[in-house]
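User: Hello! I am new to this structure and would like to get to know it. Could you walk me through it with some questions and answers?

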Amino acid sequence: MFADAVAGHKRQCVILSDAVARGRVAGAYLFAGPDGLGKKFIAIRLAKILNCLSCRDSAPCEKCESCRKINSGNHPDVLVVHPKGKERIINVALIGDVLKKVSRKSYEGRYKVIIFDDAHRMRKDSSNKLLKTLEEPPPGTVVILVTSRPDRLLPTIVSRCQTINFYLLSDKEIENFLVGMKKIPFEEAKAIASFAGGRISESLKLLSGDSARRRNIYLNNLRSVINGNLAVLFNVISVINSEFQKLLEESAADIKKEKQADGYEDFKEIRELIDAEAFSHVQYEKEEMLLIWQIWFRDMLLIKECGSGADIVNKSEKDALLRFSDGCGFDEILNCIKAVEHARDMVRFNVNFQIVLEEFFLDIIRNMGRKGVLT
Ligand SMILES: [Zn+2]
């Protein structure tokens, strides 16, 4: 089935597999919806199904020459176009190249499939150039525009495409995918799904060992502050700050490598761009840390309410949560949740992170810390 191997999006998969089964595949699709949902994955899956040499039940075999070439990005008739260059745009020259390839006879595929990733990064002149092809697509050509910002596309482009909207997944859909496809134990899948915010890409990131390791570090930091004194508090803040500084440098280096692969040589002129991208990556990670703490306090509140049988996310933390919830009242835990929410707002407003952490941890100690720490 088309939907096998795909997390959620059942209705969207049915629309596409019906079109394939009836031989009524549209010449142009617009896959619209937030980032991280698997839209490009589904576009590539459609390309595989259309060209697979032994496709059964609307699913690609993943073994034939065509499937293997698409998986390795080497199929001459299946193109995935990414925005390029310092401004990350799909410029008119790039569109020209792609259209030239489309106009040639198909090499080996039955269908030519062109997937534009982040299609909203097409400029007006590029859009107009593509429009001509969308108006009269060569037979056997399927253009798929993938975007999180359909509002930024020219209306004339949108009107030439069959739009398929994608929505954030439910926790249950992510959980089922992790258990079914990734063979993750149910409890762990449930915890990961609750952190993923409806995005399959997030859940895959959380699956990686590195992310699990960071989650443990973040929770350890929080517990040390609650158990410790002011000296511990300032020590933890300085550890967290230096970790994030390291992360900032690492992501800047990674982004530079990506740009290098895009053909960039003069990094002086795009320094600001690299810094901005690295900064937003680190901001995201800071919010993630606060989210992990927030869920931990929420679990504590649940335990306070429902006792040890509560259905909590952090199962492995149960003993610690029971201990902490024993020592403080319902209102104090609620205050801690409010403190995390406040800290997340401050991070979003770019308030100095040292100040955010100091204020947050002092709030936590006031509500949960050992008696006498602040007096
Ligand atoms: Zn195949």
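Analyst: Gladly! A definition to start: two strands count as paired if DSSP finds at least two bridges between them. Please keep in mind that this is a predicted model.

User: Thanks! In E4, which residue is the bridge partner of Val113?

Analyst: Val113 belongs to the stretch 112–116, which is strand E3. Strands E3 and E4 pair in the parallel sense over 5 bridges. In E4, the partner of Val113 is Val142.

User: Through which helix does the chain cross from E3 to E4?

Analyst: On the way from E3 to E4 the chain makes a β-α-β crossover, and its hand is right-handed. The helix in between covers residues 124–135 and is H5.

User: And which residue of E4 does Ala32 stand opposite?

Analyst: Strand E1, residues 28–32, also pairs with E4 in the parallel sense, over 5 bridges. Across from Ala32 in E4 stands Thr147.

User: How many residues of strand E4 are buried?

Analyst: A residue is buried if 20 or more other C-beta atoms lie within 10 Å of its own. Strand E4 runs over residues 141–147 and is mostly covered. Of its 7 residues, the number buried is 6.

User: Which strands stand at the edges of the sheet?

Analyst: The open sheet has 5 strands with parallel pairing, in the order E2-E3-E4-E1-E5. Each edge strand has a single partner strand, so one of its sides is left without a neighbour in the sheet. These edge strands are E2 (78–81) and E5 (162–165).

User: Which strands does helix H2 touch?

Analyst: Helix H2, residues 39–51, packs on the sheet. Its direction makes about 175 degrees with that of E3. The strands that H2 touches are E1, E2, E3 and E4.

User: How many residues in the contact of H11 with H15 are nonpolar?

Analyst: The axes of H11 (residues 230–261) and H15 (residues 353–368) come within 10 Å and cross at roughly 145 degrees, and the crossing is right-handed. Residues making the contact include Leu233 and Ile237 of H11 and Phe353 and Leu357 of H15. With 2 polar residues and 1 charged in the contact, the nonpolar ones number 7.

Note on methods
Residues are numbered from 1 along each chain as its sequence is written. This is a predicted model: local features need pLDDT of at least 70, side-chain atom pairs count only at pLDDT 80 or more; totals for chains, interfaces and linings use all residues. A residue is buried if 20 or more other C-beta atoms lie within 10 Å of its own, exposed if 12 or fewer, and partly exposed in between; C-beta atoms are placed from the backbone. Helices (H or I, at least four residues) and strands (E, at least two) are DSSP runs, numbered from the N terminus. A crossover is right-handed if, with the strands pointing away from the viewer, the path from the first strand over the helix to the second runs clockwise. Axes are lines fitted to C-alpha atoms, for helices over the stretch in contact, and angles run from 0 to 180 degrees between N-to-C directions. A crossing is left-handed if the near helix is turned anticlockwise from the far one by less than a right angle, and right-handed if clockwise. Two residues are in contact if their C-beta atoms, placed from the backbone, lie within 7 Å. Ala, Val, Leu, Ile, Met, Phe, Trp, Tyr, Cys and Pro count as nonpolar, Asp, Glu, Lys and Arg as charged, and the others, Gly among them, as polar.
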